[in-house]
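This briefing introduces a single protein chain to a reader who is new to structural description. Please consult the sequence and the three-dimensional view while reading the points that follow.

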Amino acid sequence: MTAMNLSQARTTLRDYRCATCWGPLVALDLQNEAREFDVHCANPECSGTGFVTAANVDRRRSDDLADYSDAAYNLRDVLPGLKSGKTADEIIQELGF
Ligand SMILES: [Zn+2]
């Protein structure tokens, strides 16, 4: 649990994402005397407890998209289904595995 005051919670929700899944965060009012909020990942199936900056997530996603484009181009002859929108399972099945 990451307990913080309202101001810290608002800033964290705006500027940070889950360190595990890069998804948005939510703040749960702990309704205690200190008026604290528990900030955690919004995805109930994620066990992530840390935060990364939203700017870092945007930069990493941009880098990953560039890497994907390079891989799709470089592997176009051996993996023709890569840009067809097929799933990894469909491509693997077509390759005989
Ligand atoms: Zn998460």
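**Overview of the chain**

The chain contains three helices and five strands. The model is a predicted one. Following the sequence from its start, these elements appear in the pattern β-α-β-β-β-β-α-α. The points below treat the overall form, the sheet with its helix, and the nonpolar core.

**Overall form and domains**

- The chain is divided into two parts: domain 1 covers residues 3–53 and domain 2 covers residues 56–94.
- Between the C-alpha centres of domain 1 and domain 2 there is a distance of 32 Å.
- The radius of gyration of the chain is 20 Å, whereas a compact globule of 97 residues would have a value near 13 Å.
- Along the principal axes, the C-alpha trace spans about 65 × 25 × 15 Å.
- Of the 97 residues in the chain, 8% count as buried.
- Among contacts with a separation of 6 or more, 49% join residues that are 24 or more positions apart.

**The sheet and its helix**

- In general, the strands of a sheet pair through backbone hydrogen bonds, and the pairing may be parallel or antiparallel.
- In this model, three strands form an open sheet in the order β1-β4-β3, and their pairing is antiparallel.
- Strands β1 (3–4) and β3 (25–29) are the edge strands, each of which pairs on one side only.
- Strands β3 and β4 run antiparallel and are joined by five bridges.
- Val 26 has His 40, in β4, as its bridge partner.
- Helix α1, formed by residues 6–15, packs on the sheet and touches β1, β3 and β4. The direction of helix α1 makes about 15° with that of β4.

**The nonpolar core**

- In soluble globular proteins, nonpolar side chains tend to be buried together.
- The largest nonpolar core of this model has six residues, namely Ala 9, Cys 18, Leu 25, Phe 37, Val 39 and Cys 41.
- Strand β4, which comprises residues 37–41, gives the most to this core, with three residues.
- Which residues is Cys 41 in contact with, leaving aside its neighbours within four places in sequence? They are Cys 18, Thr 20, Cys 21, Gly 23, Leu 25, Cys 46 and Gly 48.
- Strand β4 therefore belongs to two descriptions: it takes part in the sheet order β1-β4-β3, and it supplies three residues to the largest nonpolar core.

Methods. Residues numbered from 1 in each chain as written. Predicted model: local features only at pLDDT ≥ 70, side-chain atom pairs only at ≥ 80, totals over all residues. Core = buried A, V, L, I, M, F, W, Y, C linked by C-beta atoms within 7 Å. Buried ≥ 20, exposed ≤ 12 C-beta atoms within 10 Å, placed from the backbone. Helix = DSSP H or I, 4+ residues; strand = E, 2+ residues; numbered from the N terminus. Contact = placed C-beta atoms within 7 Å. Pairing = 2+ DSSP bridges. Axes fitted to C-alpha atoms, helices over the stretch in contact; angles between N-to-C directions. Domains from an automatic or database assignment. Rg over C-alpha atoms; globule rule 2.2 N^0.38 Å.
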